[in-house]
Structure formats: structure tokens, C-alpha cells
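Trainee: I would like a close look at a single part of this model, with the contacts around that part set out with care. Could you take me through it in one connected account?

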Amino acid sequence: MRAVSDEILLSVDKPARYVGGEVNMVKKDVSNIDIRFAFCFPDVYEVGMSHLGLQILYYFLNRRDDTYCERAFAPWIDMEEKMRKNNIALFSLESQEPLKNFDFVGFTLQYELCYTNILNMLDLSDIHIYSKDRTEDEPIIICGGSCAYNAEPIADFVDIVYLGEGEVLYDDILDIYKEYKKAGKSKEEFFVRLLDFDGIYIPKFYDVEYNTDGTIMSITPNHPKAKNVIKKVIVNDMDSVFYPQKQLVPLIEVVHDRVTIELFRGCTRGCRFCQAGFIYRPVREKNYKTLLSQAKELLNTSGHEEISLISLATSDYTCFKELAEGLIDEYKDKKVSISLPSLRIDNFSLDLMQKIQEVRKSSLTFAAEAGTQRLRDVINKNITDNDILSGCKLAFDGGWTKVKMYFMLGLPTETYEDLEGIADLCDRIVEKYFELPKENRPKPVTVNASASCFVPKPFTPFQWDKQDSYDSFTKKGLFVKDSIKRKQVRFTFHNTMMSSLEGVMARGDRKLSKVIYNAWFSGCRFDSWTELFKFDKWKMAFENAGISMEFYANRERSYSEILPWEHISVGVSKEFFIEEREKAHKAATTPNCRQKCSNCGAKCFGGGICYDKR
Amino acid sequence: MTNDNIRYRFKFEKYGNAKFIGHLDVMRAFQRAFKRADINISYSNGFNPHQLVSFALPLSLGYTSTGEYGDFQLYTEENADELIKDINSSLPEGLKITRIVKLREGVKNTMSSVCAASYNIYFDKTVSSYDIENNIYDFFGKDDIFVDKKTKNSLKRTDIKLDIINIEYTGERVLKTLVNAGSVRNLKPDLIAEAFMDFLDIDYNKYSFGFRRNDMYMKDNNGGLVSLIDGVGE
């Protein structure tokens, strides 16, 4: 049975988003199930289906006979309209049943601009939006993912925030839930029981009080069992940790149609702007033999023709050579292409790229992030102009003519000299191409440079810094554009207002729940989609809640201020972040974890690179 | 095409949830199923090798079918029944191969052979069986049937009568049509439904109508129509 009639499905864009039936979809008889879990991705199907975390947790939860994990995505606006008009409640793709019938509705928080979609999905499910309003019969709302480390802006809407890697605690959570449900215990009793664990943050057991200037006066547990500081949970042994042998293979084209293997978690680099580089510490690698066997299994069961090696800095993987060569040997005759996102330019291997190109042409991307060495030292992005230019030269020699460059605008301490540096570096890349003899330049060169707007994030050394205003971002973006001399360089920059809103949400506190509610109520959805982003409505939402965006985005905090995520720990200490910030302002760099331990604090998890011999 | 490649024609059905995926997605679904089934499929040479598979004629989104066709090439000769079994166990629900025939040398591919197709039109409840039965032959008996055919950026007044080979009312609000199909002349049956509803002066909602392609045909040596998979084997 489908939840939606053919007539409605045929009248919306991409109806396959709503019918399920993908290859490797898990089917279970719901009458034999104790726990029903709806895994929700608060964005459109094609985005959510490309997310590795979904693929892992889907099969991880479904490996339990007593649990059925199903999926739901944010319906696109055309479908939402039909659903509201015809009183169709949001449903899961597998059983096509309303989310309201589930025990758990879980949201993964991958970016801040998805929050209105969460409210919308709850509302479409006919589930109360505010946690305090929900009854015993309604599902428990749980969330996880990178934004969960500061989930304060949505703390009023969710019941449980999961801090860390899903494989660690979900079995315990579900076992306890099942036991408590059978014994007829209340949600409250279940929540209290969960307070025994690290990695579980239940917002309602904490009270937040504010000073008159809007800053936080205190964050206090209001239950005797609630911990003062909640520490994330992580997997230490990456080789024995569950990894799916299958992947859901969508019937329509999604953002990433490919097999994904995960080389390691964490990152050694410590780029100071990068939240992922701190919240996922320490680095924990998988053995390359494990990876080769996982790759084989997944390619066989999916039928995909592309495999992607993912991690935060692929070429930092210690057995990268063995892995890459193993994959090339195995698959070069089988028409499988290998994609290597986040390959770093400083140990870029031309030889490897050449080998991959034999199978299928891939694109070349360099994340320089800043235009000058000084600013790259500030952010601890340890590459030099020379690394970039010699990398490009190698690439041009190897026949590449398209280069993508990533930069950021508005980094701390940035001056106009740094912005000119972006233009200058791009121009010099073009010039590098023209140093080749004419006969070796069959095609015109293009450099596609794009700049994002710097958003200071929690759990980074820049968590106290102010963000540029959107006007300033625009001014800087246009300045770079004007400074570029070469016509072969194309420069674009990210939506500045979106970046501002992201900046507010990233470091927001609980007062923002009202703003998010207002924005959703006035029609905001899919805020990360340029064509649907309604900044005017957001501004109204702030105004109506009596809240200033500048307070959150454009204000520098003092080290003594209580930050909204003060009660959360990712293992990296506040002292380390302060040291790093002080070094940043002196443009002093910090060696990566492989070179030298800088005692960030992540050693407390008892595993990973922290215990490797150097 | 090289001599070492062995060509097969397959006939398949499309039903259930698969009707919500378009032509390119159907092609991708087959390509992945071939890989999962570990079929020894041939690849093109060149910079971007791709599977040597082709399909007869795209089916509109929302249509079901009992008569879809494609051709593929293998590096080795395989038993047709085994192929059907292996591929079907790898296909997603709603796509099912019903027949595979090893092609005789020199047979043109489905894409260039197809010239006609049969469709069922399932009327919605805004129109009664009585109305259809009493009007359909008057409608089809007209000298011309003009409709506004949508092209990329304009509406074009077109006489669809020229492309209708036959119409037959089979009762139960099901109209069976035989129309020109292929790259030369092609008519989609929803234009017939639209024109007939206009003839009846009833509002037409194409989303509440059902369409099924029954089969596709090519011309035989005598100019008659035969199913794309008949008489092509060794």
C-alpha cells in the first residue's frame, strides 16, 4: 500500500522520492517488530540518500530483529502542498505508515539550515513540535550528527541529543527502551535511565539562565543524575565496528550515486576553522585490507560503477598507497571509477591520478582556503603557494586543464592584502599553465575559484571570534572578483545572507527556538536552497522574537563567557582551543597529530592516533 | 560492434513503483542489475566505457508496460533462461524480464526498428462506459483530430488522426489503441485521451488516467506488424 495516490504522485516532481522500493531496501513484517525507528533526513530525498551516516545506521539498526528502521525525508514543496491539502501525514518510505506510529523519530543534523525542515516534518507528521507538549503516545524525538554538538537552538523541540558515533550506544538505548516499554514505564523514566550514559544529552534536564545582556549566566542540571558535562562517545576499533555489506541503491539519480568506504574518522590536521577536524578527534583508521574487502562486497551488492574513498583528508591515510593500488588493480578492468574527495595538494600523487584517469577522467580540486601564507598560517592550513603551484604544474603536465580552488572570505585577521592574494594566486595558476610549451596546451585552461563565507563554529579555536556581516562579505567577494585579471579564472562566492544565518544558528542558544519556530510558521523551509531561502522572513522572525542576529553572529566573546555548549565535551579541552586561538593571532602554526601530539585532550578516549608511536 | 560480441534482445515489464521512474532511471536500473547479476556484458571502447545496452523507446513517467524492449551485447554466449533468472533476481521491484532471444546476425536494433505501439487507456470516473462506447467511433470516424501538441517551447496544432492506426473499446472504461511509434512518427496516447475528453466536453485530468503500453511493433518483410521480439532469433 502506498500512502499517496497515483494521481497525487504523478502530479509532483520526481514521485520516486516518495515510494521506496529501492534496491537493498529492508523489508520487515511490522507485526513482529518491537521498536519502530524512523530515520529522518531533514532535506530532500536526493540529498539524504547520498549521506553515508544514513546508509550505516539504517543497516546497523535493521540488523536487530526486534527493530525496523525506516526512512523519511523532507517532502519537496510541491508534495508538501498536496499532503496538506489532502490531509496526508508524513510517512516512512518502507511501510508507508505515518511517522506518528513510530517509537522513535530520529533526525540527523548535518547543517544548521535544516532546522525549519525538522519542524515542518514534525508538523506534517501531526506530532507536537515542542518537546514539552508531546504526550506518551507520541514518538521520542532523537537527533545526532555534527550539529548535535550544539543543538541548543533546537533543544526545545527534541527529546534526546546523541553526542557521538551511532554504533556505540544505539543497542543500549533500544534494549532499555524495549524493556521499559514492555514494563509499561513512562518516557520520563526512560529518559532518566539514559542519564547513566556518556553521549546522551537530554535538554530538559538542564536549565539555562541568562544575564541581562543576553549572555548565559548558568547552565545547571535540574536532575540529580544529569551530568555536569556530557562527553561524546566514539568507536575505538574501526576494524571490528559494524559496516554495511549493502547500500541502498536509489531508483532515481541522487547527489552521489556511488559506493562509499570510510577510511578513517577524525583528522590529524587541526585546521583552526574546521569543526569536523576537532569534533571527530582522534584519528582512528581502518585497515586497508578491511577496506578492500568492504569495497568488493559493496560493489557486488550495489552494481555501482563508482567508488568513493571518504574521510576528512584522504591522502593522510597511512596505507593510502596500498589501498589505492589495491583498488586500481582490482577494478581497472571492471569499469569502476575511483573518486578521491579531499585529496590534499601537499602530498598529491600525480602517478596515482594518472592511474585513475586511465579508468575515467576525474576532476581536480584544491582547497587553499586563504590567499596568503600569513593567513594560511593563522588558520593552520599548512600548505604554501609553492605547494599549490607545483601541484598545478604537475596536473597540467598530466593533461588536466580544469582546476577548482576553494577559499574562504572573512577569516579572522583577514586584510585586503589576503583578498588580493586569492586573485593573485588564481592568476598565477593560469600563468603556470602558459609556461607549458604551446604544443602541450591543446585545450584552454579554466580555474573555477569559489569562496565560502567563514562561519565561526563551536569547538574550534575561533568559537569566540566575530563573524563578518553579510554586507562585508559581499564587499569582499566583489573586491576579489574585481581583482582577478585573467579571464580564465571564474570566481563565485556563497550566498552571504545564508552564511550569516548559519553563523547565528551555529553558535546559538535556546532563545533561538522561538526564532526558528517563527520562521517556520511564516513559511521558511529548505533554507539551504538558494531559490527557497527567504531572508526577509527570517529577519521578521528575529524581530518578532526580539532577538538580534548580530548578538550571535557578529559579536566577539570573551574567554570567560559561558558558551551555549559549555556543558558538552568533544574531548578537546577549552585550554587547547584558547592556546590555538592565541597562536592563530600570532600566525603561529601547530604541527599535525602525526608529527607531534599537542595535548588537545582527545587522548581521553583511550584510542586512535593518540596512542600511535611517532 | 565487433564480431566477438553476442547480441540479445530482451522484453520486459514495468509496473508498480517502477512506473514512477523515467527512462534514464530505467536504463540505470538495468545497468546496475547487470552488474549485480555479474552478467558478462560488453562495454564500449574509448574514454568513457559504457555498457552496450540500448532501449527501444522511452516510456512516459506514470505509464506501466507489458511490452518494453532492449538489446544488449555479451562477451560470451549464455543460456537465455539462465540470463532471465539471474537478471530478474537483481532487478528492483516493478521491472521484470519476460523473454530473451539471441539475435540473428544483421537484425537492426530495437530503437531503429520500432514503428508502432499498442496502448491501453484507462479512463477515470469522470466519464461513464456508456459515454465512451457511444462516442468513441464517432470520434475516431472524424476526418481529422486536432490537438495542441506541446513542443519544447510552444504549442503546435497537430492532427493526431494521422498517427492513430486503430482504436478499439474493450469495455470497463478501457480503450485499446494502436499508434505510430518511434523516431519518425510518434504519438503518445494521452493526446488521444485529451482529444476524446474534449470531444465529450469533459475536463481532462491526465493524472487520474492510467496508461499502459501493451507491446511495440516493427514491420516484417511483408509490411505487416510484428512484435519486436518475434522472428529475430537464430
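Mentor: What follows looks at the contact between the two domains of chain B, and then at the contact between the chains.

The model is a predicted one, and the values below are computed from it. In chain B, the domain assignment places domain 1 at 6-111 and domain 2 at 116-225, and the centres of these two domains, taken over C-alpha atoms, lie 28 Å apart. To their contact domain 1 of chain B brings 15 residues, while domain 2 of chain B brings 14 residues.

The size of an interface is often given as the accessible area lost when the parts come together. For domain 1 and domain 2 of chain B that area is about 1,100 Å², with carbon and sulfur atoms giving 49% of it. On the side of domain 1, the residues B:L57, B:Y63 and B:T66 supply 48% of the area buried against domain 2 of chain B, which is more than any other three residues supply.

As for the polar side of this interface, 2 salt bridges are found across it by the rule, and the side chains of B:K11 and B:D215 meet in a salt bridge with an N to O distance of 3.9 Å. Between the two domains of chain B there are also 11 residue pairs in polar contact, counted where both residues have pLDDT 80 or more. Turning to the elements involved, β1 (6-14) and β3 (64-74) of chain B each supply at least two residues of the side of domain 1 that touches domain 2, and it is β3(B) that gives the most to that side, with 6 residues. By residue class, the side of domain 1 of chain B that touches domain 2 divides into 6 nonpolar, 6 polar and 3 charged residues.

One residue of chain B deserves a separate look, namely B:K188, which sits in the loop between β9 (174-180) and α5 (189-200) of chain B. Because its relative accessibility is 42%, B:K188 counts as partly exposed. If residues up to four places away in sequence are not counted, B:K188 touches B:S60 and B:Y63, and B:Y63 is one of the three residues named above for the area that domain 1 of chain B buries against domain 2. B:K188 and B:D159, which are 29 residues apart in sequence, are 13 Å apart in space, C-alpha to C-alpha.

The contact between the chains can be described in the corresponding terms. Here 32 residues of chain A are in contact with 22 residues of chain B, and the area buried between chain A and chain B is about 2,400 Å², of which carbon and sulfur atoms give 56%. Within chain A, the residues that lose the most area to chain B are A:L10, A:L251 and A:K335, together accounting for 25% of what that side buries.

Across the interface of chain A and chain B the rule finds 5 salt bridges, and the side chains of A:D257 and B:R32 meet in a salt bridge at 3.7 Å, N to O. The rule also finds 9 residue pairs in polar contact between these chains, both residues being at pLDDT 80 or more. Two or more residues of the side of chain A that touches chain B come from each of α1 (6-11), α9 (288-302) and α11 (350-359) of chain A, with α1(A) giving the most, 5 residues. That side of chain A divides into 12 nonpolar, 9 polar and 11 charged residues.

Key:
Residues are numbered from 1 along each chain as its sequence is written. Chains are lettered from A and ligands numbered from 1 in the order in which they are written. This is a predicted model: local features need pLDDT of at least 70, side-chain atom pairs count only at pLDDT 80 or more; totals for chains, interfaces and linings use all residues. Side-chain values use heavy atoms; hydrogens and water are left out. Domain bounds come from an automatic or database domain assignment. Contact means heavy atoms within 4.5 Å. Buried area is the accessible area (1.4 Å probe) that two parts lose on being put together, summed over both. A salt bridge is a side-chain nitrogen of Lys or Arg within 4 Å of a carboxyl oxygen of Asp or Glu. A polar contact is a pair of N or O atoms within 3.5 Å; within protein, one must be able to donate a hydrogen and the other to accept it, and residues adjacent in sequence count only if both atoms are side-chain atoms. Helices (H or I, at least four residues) and strands (E, at least two) are DSSP runs, numbered from the N terminus. Ala, Val, Leu, Ile, Met, Phe, Trp, Tyr, Cys and Pro count as nonpolar, Asp, Glu, Lys and Arg as charged, and the others, Gly among them, as polar. Buried means under 20% relative accessible area, exposed over 50%, partly exposed in between (1.4 Å probe, protein chains only).
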